[in-house]
Amino acid sequence: QALDAMVQASVFSSADAKRLTALLQSAQEPEDDGEESFGAPAAAVYTSHSGSIIDTLEDLAEKAEAELSDARKQETTALHNFEMLKQSLSDQIKFDTKDMSGAKKGLEEATGKKASAEGE
């Protein structure tokens, strides 16, 4: 069951899945003398499959490293974009606050002038 989940996972390519399935099927087949094999496989069986297992594991490690590298690059880019947006918004708030303060001051002056003009 766990093997089926691993084989169907997107990390495995179809070639890797076929190799892994073939390896497990060959390990589960009974020996020619009618007895089922228990324990460690015979040395000849083990050496015939060891290269493909190691190759498969190395391929998986390379794929994992490549995916990790891509994820790190995406995270770095996203962080940089966030920092740039944050800086831009902070600057905009600072300048808009300054403009609003100037507008309020101008409004107060105009209101004062209007009041003094109406009072005269």
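The following paragraphs lead from the overall fold of this predicted model to selected residues of one helix.

The secondary structure of the protein comprises three helices and zero strands. Read from the N terminus, the order of the elements is α-α-α. Burial can be stated for the chain as a whole: 7% of the 120 residues of the protein count as buried. The area that the protein exposes amounts to about 10,200 Å², and 57% of this area is supplied by carbon and sulfur atoms.

Helix α3 spans residues 43-119, and Leu60 has its place in this helix. The relative accessible area of Leu60 is 17%; because buried means under 20%, Leu60 is classed as buried. Leu60 can also be placed relative to a residue at another position in the sequence. Asp16 is 44 residues away from Leu60 along the chain, and the C-alpha atoms of the two residues are separated by 8.7 Å.

Asp55 likewise lies in helix α3. Its relative accessibility is 39%, a value between the limits of 20% for buried and 50% for exposed, and therefore Asp55 counts as partly exposed. Asp55 also belongs to a patch on the surface: together with Glu58, Glu62 and Glu65, Asp55 forms a negative surface patch. Membership in such a patch requires over 30% relative accessible area, and the 39% of Asp55 agrees with that requirement.

Helix α3 thus holds both Leu60, which is buried, and Asp55, which is partly exposed.

Key
Residues numbered from 1 in each chain as written. Predicted model: local features only at pLDDT ≥ 70, side-chain atom pairs only at ≥ 80, totals over all residues. Heavy atoms only, no water. Patch = residues over 30% accessible without salt bridge, like charges linked within 9 Å, V, L, I, M, F, W, Y side chains within 5 Å. Areas by Shrake-Rupley, 256 points an atom, 1.4 Å probe, with all protein chains shown as cover. Salt bridge = Lys/Arg side-chain N within 4 Å of Asp/Glu carboxyl O. Lys, Arg positive; Asp, Glu negative; His and termini not counted. Charge placed at Lys NZ, Arg CZ, Asp CG, Glu CD. Helix = DSSP H or I, 4+ residues; strand = E, 2+ residues; numbered from the N terminus. Buried < 20%, exposed > 50% of the residue type's maximum accessible area, 1.4 Å probe, protein only.
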